[in-house]
Amino acid sequence: MADVGIVVVSHSKNIAQGVIDLISEVAKDVSITYVGGTEDGGIGTSFDQVQAVVEQNEKDTLLAFFDLGSAKMNLELVADFSDKTILINSVPIVEGTYTAAALLQAGADLDSVKAQLDELTINK
């Protein structure tokens with residue numbers, strides 16, 4: 001298996017948990033960390049929470065998935081301050097995360113995973 005982990009950032013605790021529930025079925029050996037919502041349980045994201053889940057992930061290279069703009073912005077800010085390589089993917093959060101997790105679990109290398117994710121890229 002590739003030495004790559006996954007980070008999921010959502011504005012909603014329920015969305016994040018749902019994505020994790022789904023991909024956990026196909027990626028039991030992939031290092032996955034996630035955050036959804038604000039510290040008080042509301043809708044939103046925060047730099048501190050995103051930084052925490054990035055640092056909690058045991059891998060040094062992370063494929064990152066997000067649901068909306070400020071989640072991406074916080075991932076970009078965290079990437080600027082982290083020693084980890086964070087590859088932010090502008091793909092549908094469910095399909096992209098599932099694709100990456102399944103491929104990593106199957107032993108695909110990072111380039112192969114990135115090639116599959118490129119096909120899902122949202123261009124807007």
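Here are some exercises on the helices of this predicted model, each with a worked solution.

Residues are numbered from 1 along each chain as its sequence is written, and side-chain values use heavy atoms, with hydrogens and water left out. Since this is a prediction, local features need pLDDT of at least 70 and side-chain atom pairs count only at pLDDT 80 or more, while totals for chains, interfaces and linings use all residues. Helices (H or I, at least four residues) and strands (E, at least two) are DSSP runs, numbered from the N terminus.

**Exercise 1.** Work out what span helix α4 should have, then find which of its residues are buried and where they point.

*Solution.*
- Step one: the expected span of a helix is 1.5 Å times one less than its number of residues. For the 13 residues of α4 (93-105) that gives 18 Å, and the end C-alpha atoms are indeed 18 Å apart.
- Step two: look for buried residues (under 20% relative accessible area; exposed is over 50%, partly exposed in between, with a 1.4 Å probe and protein chains only). In α4 these are I93, G96, T97, A100, A101 and L104.
- Step three: looking down the axis of α4, the buried residues fall within an arc of 120°, so they line one face of the helix. The arc is that of the directions from the helix axis to the C-beta atoms. As background, an α-helix has 3.6 residues a turn, so residues three or four places apart point the same way.
- Step four: check the partners, with contact meaning heavy atoms within 4.5 Å. The buried residues of α4 pack against β1 (4-10), α1 (13-24), β3 (61-66) and α5 (110-118).
- Last step: after α4 comes G107, whose phi is positive, near 95°.

**Exercise 2.** Pick out T97 and D60, and decide for each one: buried or exposed?

*Solution.*
- T97 sits in helix α4. Its relative accessible area is 0%, so T97 is buried. Leaving out residues up to four places away in sequence, T97 touches I6, V8, V19, I23, F65 and P92.
- D60 is in the loop between α2 and β3. With a relative accessible area of 52%, D60 is exposed. Leaving out residues up to four places away in sequence, D60 touches K84 and T85.

**Exercise 3.** Describe how α1 passes α4.

*Solution.*
- Start with the axes, which are lines fitted to C-alpha atoms, for helices over the stretch in contact, with angles from 0 to 180 degrees between N-to-C directions. Those of α1 and α4 come within 10 Å and cross at roughly 30°.
- That makes α1 roughly parallel to α4. Angles under 35 degrees count as roughly parallel, over 145 as roughly antiparallel, 65 to 115 as roughly perpendicular and the rest as oblique.
- The crossing is right-handed: the near helix is turned clockwise from the far one by less than a right angle (anticlockwise would be left-handed).
- At the contact, V19, L22 and I23 of α1 meet I93, V94, T97, Y98 and A101 of α4.

**Exercise 4.** Find which residues of α3 are buried, and what they pack against.

*Solution.*
- The buried residues of α3 are A71, N74, L75 and V78. Seen down the axis of α3, they fall within an arc of 100°, so they line one face.
- On the face turned away from that buried side, α3 carries the exposed residues G69 and D80.
- The buried residues of α3 pack against β1, α2, β3 and β4 (85-89).
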